[in-house]
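Q: I am new to this structure and would like a close look at one part of it. Could you start with how a single chain is divided, and then guide me through whatever else is worth finding?

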Amino acid sequence: MTTAHDVVLVGGGGAGLRAAIAIAEARPELDVAVVSKVYPMRSHTVSAEGGAAGVIGADDSLDEHIYDTISGSDWLADQDAVEMFVEEAPRELIRLEHWGCPWSREPDGRVAVRPFGGMKKQRTWFAADKTGFHMLHTLFQTSLKYGTIHRYDEWFVTKLVVDDGVIQGVVAIELSTGRIETMTAKAVILATGGCGRVFPFTTNAAIKTGDGMSLAYRAGAPLKDMEFVQYHPTGLPFTGILITEAARAEGGWLLNKDGYRYLQDYDLGKPEPTPVLRSMELGPRDRLSQAFVHEVEEGRAIDTPYGPAVHLDLRHLGAKVIDAKIPFVRELCLKYQNVDPAAELVQVRPVVHYMMGGVHTDIHGATPVKGLYAAGEVACVSINGANRLGSNSLPELLVFGARAGRAAAEYAAGASGPTRAGLRQADDEHRRIWRELRGREPNGNERIADLREQMQHTMEGGAGIYRTGDSLTKAVDTLHEFQGRRDQARIEDHSHTFNTELLTFLELSAMLDVAETIVYSALRREESRGAHQRTDYSARDNDRFLAHSLAHRASDGSCQIRYLPVTITRWPVGERVYGR
Amino acid sequence: MTGTGTGTGQRAYRPRMSLWWWARKRSYTLFILRELSSVFVAWFVLFTLLTVWSVARGEERYEQFLDFASNPLVVALNVLALAFLLFHTVTWFNLTPKAMPVKVRGRRVPSTVVIAAQWLGFVVVSAFVVWLVVS
Amino acid sequence: MADSITLRVTRYQPEVDDEPRAQDFDVPLRENWVVLDGLNYIKDRLDGTLSYRWSCRMGICGSCGMMVDGEPALTCATFLVDHAPGPIRVEPLANFPVVRDLVVDIGDFLEKLPRVSPWIVRDDDIPVDEGESLQTPEELADYKQYSMCINCMLCYSACPVYGLDPDFIGPAAIALAQRYNLDSRDDGAAKRLDVLIHPDGVWGCTFVGECTTACPKDVDPAGAIQRYKLTAAMETIKSYVSPGGGP
């Protein structure tokens, strides 16, 4: 079956919904489809806690936010993109305020801001410590106003249809019925978020399997800077539940097993009783996670059944501050760890959190495939470079969601319908999914969960916080072997009704694609920069690698890496200095 | 925004609630009892009206009414009705702070205070009635 | 502590089954495992055909609500040890059509939600250039509680009124209407009135109170509904007494 829309959005989280609203407002005559594998309010934006950065204070300036972002990115961010992002972020946050987002307030009624890691000024807007939840629900509820936005809830996109470098639409399967449908579109926007699930220990929800990245990669759009994987310094062991950076911004300390604030030994400043911006616990995430690894190596971490950890100390803040500013932290610790942060130390360890890399786009969200756009974590513009600053991702999905929406609407208004070759491709995809659904003959014998777990451990071992050429080469080989084993996967569920085994298989396929681009990109980048730390190339190499990596899928399926120079405008490459 | 229905309407299994659903859980049972209490509230109203009516019709009628009221069955019914009325009162008091959040100088008054204030009022009024009857 | 526990899981596949049936699975009983970990163990190790929804595993996405031993609960926040020695009954959320296994159809809520206009309604449009609207912490506190709803549907599952009469608009939708009615930036209360005072609106509620008990986020939908009944009654009286008012 075929349905026609002007713009199809893949993903209904923060970026997708912001884009949908932008299109509905800019071009009310366009028919927009939001296709999401979960109900939009289940999207992973919901889990973001700490806040959204946007310059608003009288003592702050756009240039300072730009500098913090660029130095935080270890100069790998494109400076034109960062300038544009920083300038538009406050407007987007205000717009969200007008739509009803319950931002936390000062006593006089103005929006309150809090400090955040790597930021020189207080500029992080917050809704207690459920900022992402409130943003997502505000966007979702606001989107219900627009009659031109048509939602496909719990539909999974299996393919982007591209003919001669121009997008034609998507093929998607409805989970509840198994119905496969071609949705033609003049423009498609990917807003599927990240891929944290390629690693075993992550803050990312179960749905973060890199689907959009894989779709784009297979459709001919390269993936940019995939070697840069952010580890958040404070996750709960076992569950990987995120303890927001706001916990440190409000005054929390990181202690090793001796009760010592160890970050002072890693060129991150001197310990002060109250938080100091761009210093100690408010340093950038990459440096904090790397310091953790050294503490473990020196034997100063705490042993837990789930590996080494350090302590997050919030006791001195008192129950009152914790309940007012970071109530969710207390709720999560009590409910999932049986620990009360107001009275006890909380065990934490670094945990995979965010992909700096993603589908290569320009500052309008456009990919090299004509009519294909991307925004949010799935995309790489890049404003995050080698390390994203905390609280930059929420405004990013607003700014670039809106930009991609407007650009796609303009493009779609002038584009023509699908080609015959495009429709034929879609028919082939229907047949492929039918085959997977009905069961292959003969069925494979590889258990999907085994493949997934082995892939995750390969990624942790080969492309963790510290990498070497050897570990990466090994990971490349293992992943290559997994590509073959994927075809041997066993699917026992042949039901058309909510077949989550088929879904798990399709997600595994996406993750294997994405994992491959991560290790290939990491292997080729022979330097250390931001979140990419090579023990065999421990220095930053601006001569060779002040450039974005672009992972292309060659016609034989192999991964090929090319490079694109970083855009520098006003901020020449310098040293990253924190706590001094 | 419009949503595409999940399209499973005809194939999904639609569970039916059993007639005894309210016996499954204590809170459901209490709820049904509270609903039932309205019957007794109605009875109380009727009884009070009967009292007033018979008083107005003169002493003879009133005597007849007193005979009727002292019938063991009627006494038993009234004791039961009183129990239900008290039950109704308690749940009503507990509900008030939910339906009517009271604010004093911009701060929400804790619900326990609101409930306590109602009980205080209840005790004062009851004491007054007792004083009226006794003296 | 025993080292395993039985999950008695509802299975239903419309192509094969006429009605749901129970299937037992033994899963490891570990101190920090929640019911959802048990289900994931089944799917990964024992039976890949089991279908259920889950995502964030931190009680904020609202996907994993099910009946655990007869009570609606988020399975990511329900520990196995609290239900030992078992067997633990894991069933799809009550009061919803069952699509398959533990997956229910919540399309009805998604259809009802837009009816209460759950967005900011303004008489005037404020340009972005004018900056943020002021809202004091006290004004924020007036509606904040009702904004915490994660749409997990536990309240609908706990509500016998909804079970008996699926036309009832339900606890979460009304709480969300109140979330906007009580927001100092909103002018939409009059617009939401008609839907809310409809017989399927607040007056459908007989105040069982179970929605509030079931809510994992302390939204207190029962409170929101009773509060609105008072508002609705006042509005009705006002419309009779005010000159030219009339219902």
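A: The domain assignment for chain B gives two stretches, domain 1 (22-100) and domain 2 (102-135). Please keep in mind as you look that this is a predicted model. If you take the C-alpha centre of domain 1 of chain B and that of domain 2 of chain B, you will find 21 Å between them. The two domains do touch: eight residues of domain 1 of chain B are in contact with eight residues of domain 2 of chain B.

How much area do domain 1 of chain B and domain 2 of chain B bury between them? The value is about 720 Å², and 72% of this lies on carbon and sulfur atoms. To find this on the domain 1 side, look for B:Phe93, B:Pro97 and B:Met100, the residues there that lose the most area to domain 2 of chain B. Together, these three account for 65% of what the domain 1 side buries. Sorted by class, the side of domain 1 of chain B that touches domain 2 of chain B holds five nonpolar residues and three polar ones, with no charged residues. Across this interface between the domains of chain B, zero salt bridges are found. Polar contact there comes down to one residue pair, with both residues at pLDDT 80 or more.

Now turn to another interface, between chain A and chain C. A quick word on the number to come: the size of an interface is often given as the accessible area lost when the parts come together. Chain A and chain C bury about 5400 Å² between them, with 54% of it on carbon and sulfur atoms. In this contact, chain A takes part with 68 residues and chain C with 66 residues. On the chain A side, A:Arg42, A:His98 and A:Tyr336 supply 13% of the area buried against chain C, more than any other three residues.

Charged partners can be found here too, as eight salt bridges cross the interface of chain A and chain C. To see a salt bridge for yourself, pick out A:Glu154 and C:Arg53, whose closest N and O atoms are 2.7 Å apart. The same search for polar contacts gives 37 residue pairs across the interface of chain A and chain C, with both residues of a pair at pLDDT 80 or more. Several elements give two or more residues to the side of chain A that touches chain C, including helix H3 (79-98), helix H4 (131-143), strand S7 (149-153) and helix H14 (500-524) of chain A. H4(A) gives the most, with six residues. By class, this side of chain A has 27 nonpolar, 17 polar and 24 charged residues.

Staying with chain C, you can count nine helices and seven strands along it. Its C-alpha atoms fill a box of roughly 70 × 40 × 30 Å along the principal axes. Chain C has 247 residues, and 61% of them count as buried. Of the contacts in chain C between residues at least 6 apart in sequence, 63% join residues at least 24 apart. For a pair of residues to find in chain C, try C:Cys215 and C:Asn151: they are 64 residues apart along the chain, and their C-alpha atoms are separated by 9.9 Å. C:Cys215 sits in the loop between helix H8 (210-214) and helix H9 (221-241) of chain C. Is C:Cys215 buried or exposed? C:Cys215 counts as buried because its relative accessibility is 15%, and the cut-off for buried is under 20%.

Finally, some details of the backbone. Most residues other than glycine have a negative phi, and most peptide bonds are trans. C:Asp101 is not a glycine, yet its phi is positive, about 45 degrees. You will find C:Asp101 in the loop between strand S6 (98-100) and strand S7 (103-104) of chain C, and at 1% relative accessibility it counts as buried. In chain A, A:Arg278 also has a positive phi, near 55 degrees. A:Arg278 belongs to the loop between strand S14 (253-255) and helix H7 (285-297) of chain A, and its relative accessibility of 7% makes it count as buried.

For cis peptide bonds, go to C:Ala84 and C:Pro85, where the bond between them has omega near 5 degrees. C:Pro85 is in the loop between strand S4 (71-74) and strand S5 (88-91) of chain C. In chain A, the peptide bond from A:Val381 to A:Ser382 is cis as well, with omega near 15 degrees. A:Ser382 is placed in the loop between strand S20 (379-380) and helix H10 (393-414) of chain A.

Terms used. Residues are numbered from 1 along each chain as its sequence is written. Chains are lettered from A and ligands numbered from 1 in the order in which they are written. This is a predicted model: local features need pLDDT of at least 70, side-chain atom pairs count only at pLDDT 80 or more; totals for chains, interfaces and linings use all residues. Side-chain values use heavy atoms; hydrogens and water are left out. Helices (H or I, at least four residues) and strands (E, at least two) are DSSP runs, numbered from the N terminus. Buried means under 20% relative accessible area, exposed over 50%, partly exposed in between (1.4 Å probe, protein chains only). Domain bounds come from an automatic or database domain assignment. Contact means heavy atoms within 4.5 Å. Buried area is the accessible area (1.4 Å probe) that two parts lose on being put together, summed over both. A salt bridge is a side-chain nitrogen of Lys or Arg within 4 Å of a carboxyl oxygen of Asp or Glu. A polar contact is a pair of N or O atoms within 3.5 Å; within protein, one must be able to donate a hydrogen and the other to accept it, and residues adjacent in sequence count only if both atoms are side-chain atoms. Ala, Val, Leu, Ile, Met, Phe, Trp, Tyr, Cys and Pro count as nonpolar, Asp, Glu, Lys and Arg as charged, and the others, Gly among them, as polar.
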